[in-house]
Amino acid sequence: MDWIGESKPAAAMSLKGVSVRRQAFTLGPLHLEIPTGLVTAVVGANGSGKSTLFRLLMGMEPCDEGQIEVLGERLGPETDIGVKRRIGYLAELPHAYENSLTAEEKARFASKWYPGWDWDRYRKLLRSFDAESGAKLRKLSKGMRRKVELACVLAHNPELLLLDEPSSGLDPFAWQTMLTELRRYMEQGDRTIVIASHITDEVKRLADYILFLHRGRPLGFYEKDALFDSWRTIVLSAQEDKEAELRLQRVPGIQGWSKSAPGIYQLETDRPDEAEAYCHSQGWKSLSKRRMELEEILGCLIRGEEARR
Amino acid sequence: MWIPVHIDENRPEPLYHQIESQLRGLILSGQLAEGTLLPSIREFAASLKCSVITVRRVYQDLENEGLLRTRQGTGTFVTRVDPDQRQEHRFERVVEAFEKAVETGLQLQCTPQEMESILREVIDRQMLQREEEPR
C-alpha cells in the first residue's frame, strides 16, 4: 500500500562507524541508515566493496569496528540467526554446494528454512521467468540459474531483499521480468531492497536512493532525483589565462572542470544556479547546461576522492 | 493506467516540478476525468524513471490543492474540479506557452516588433486553416 506524507519510516538497516579491515582491502567507515519501504542502489566499480558490504549485512563477514542493526536486530557473533530468515539474499555468484541440486531440490531446502515460503508464489515466479526446474543447477546456463535463484529469493516474501548484481547473465526479457517482479514486491509498501548494480538503466528505473562506493570508501548517499536535479555540466567560454583557471576553481559547488578547447571550459557543479550566476559575474558566457548521467557523476566523485588521497 | 507525463531532461526545473505541473494540467483541462484512479506511487515512479519520493510529493501537493484524494487501500483518485479554477488554468497554460516562445525569440535576437508581427502571422494563418477545414 502507498503511504503518503512526510513522516520518514524507520530504517531497515543502520550502520554506525562500521569498518572492515582485510590485508589488501578496507571497507568503511560507513554511517548509513537504509530507509524502509524504499530501494537503495549500491553503485561502484569492480572492487569497490559492494559484495563485502552485502556479506557484512548478512553477518557473513565480521566487522572490525562499529555497530550494525538489521531489521531491528543488532548483528554480532552471538546474534540469533532468526533475522536471516526474514532476509532474501542473492549472492553475486552461485553457491558451489548447490551445483548438484536441481531447482526443485534447492527450493525444497529453502522451503524448510524460510517461514514465509509459499510454493504457489514460487511456481508462479518460475513460470514468469520461464525457468527450468528439472535439470541440475550446474547444467544450467548462467542466466537460467540466475532466474531460479531470483524465484527462490522472492518466494518467501522476505522483509528485506539484498541483491548483489541480480541481473548478471539475464537476457533482456528476463531482465524486464525481474524489474516487474521487484516492483510488485515493493508495492507491499513496507518492504526494502538494497541492490548492487552498475547498470545505469536499472538504477534509474528502480532506485530511490543511491550509495556510491569507491575502493571501500563511501562517496555519498543521495536521494536519486535530488542528485540528478542538482548535478549539471556547464560549458562556458572564458578568456584563457592562468587567472581564469584559478577563478574557475572557486565556482560554487564545483566538482570538476576541464578545458575542452582553447577558451572553452567544461565544469561540473552540484549548485548550478549559483555557479551560473558566478560565471556571469566573471564575464564568462555559458554555452550550454545539461543534466549528468550516473556514470559521469560517479566519475566526478571518484576524481574528487582520488585528489584528496 | 498510462499517464501522458513527459520529463524533459533539458529543462532546468526539478523533476517533481515538471511532473506536478503536467499532472495538474491534465486534471484541470479535464483530460483526466473526475474519479480516475491514478497508478500506484511505485508504478508511476518506475514509468517516469524517478523515485517514489518524488511521486509521493507530487500526489501530496495535488491532494493539498484538492485535485486528488487518496483512499486507504484503494489508491489515489482525481476529484471534481471547480469550473473557475479550470478557466484560470486555461490562461496559465497559454501564458506558459507564450513565455517559451518569447524566450526563444529573445535568444535569437528578435525585436519585440518582429515577434509581434510573427504572432499576428501565425494567428492569421491558423485561423484561415481552421476555416478551410471541412466540418
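**Interface and cysteines of a predicted two-chain contact**

Chain B and chain A bury about 2,200 Å² between them, 50% of it on carbon and sulfur atoms; buried area is the accessible area (1.4 Å probe) that two parts lose on being put together, summed over both. In chain B, the residues B:Arg42, B:Lys49 and B:Arg56 lose the most area to chain A, together 32% of what that side buries. This is a predicted model, in which local features need pLDDT of at least 70 and side-chain atom pairs count only at pLDDT 80 or more, while totals for chains, interfaces and linings use all residues. Residues are numbered from 1 along each chain as its sequence is written, and side-chain values use heavy atoms, without hydrogens and water.

**Interface**

- Chain B contributes 25 residues and chain A 24 residues to the contact (heavy atoms within 4.5 Å).
- The rule finds 2 salt bridges across the interface of chain B and chain A (a side-chain nitrogen of Lys or Arg within 4 Å of a carboxyl oxygen of Asp or Glu).
- A salt bridge joins the side chains of A:Asp208 and B:Arg42, at 2.9 Å from N to O.
- On the side of chain B that touches chain A, H3(B) supplies the largest share, 7 residues (helices are DSSP runs of H or I, at least four residues, numbered from the N terminus).

**Cysteines**

- The count comes to 0 disulfides over all chains (a disulfide is a pair of cysteine sulfur atoms within 2.5 Å).
- A:Cys279 is in no disulfide, and the nearest cysteine sulfur, that of A:Cys300, is 15 Å away.
- A:Cys279 is buried, at 0% relative accessible area, whereas A:Cys63 is partly exposed, at 29% (buried is under 20%, exposed over 50%, partly exposed in between; 1.4 Å probe, protein chains only).

Definitions and conventions: Chains lettered and ligands numbered in written order. Helix = DSSP H or I, 4+ residues; strand = E, 2+ residues; numbered from the N terminus.
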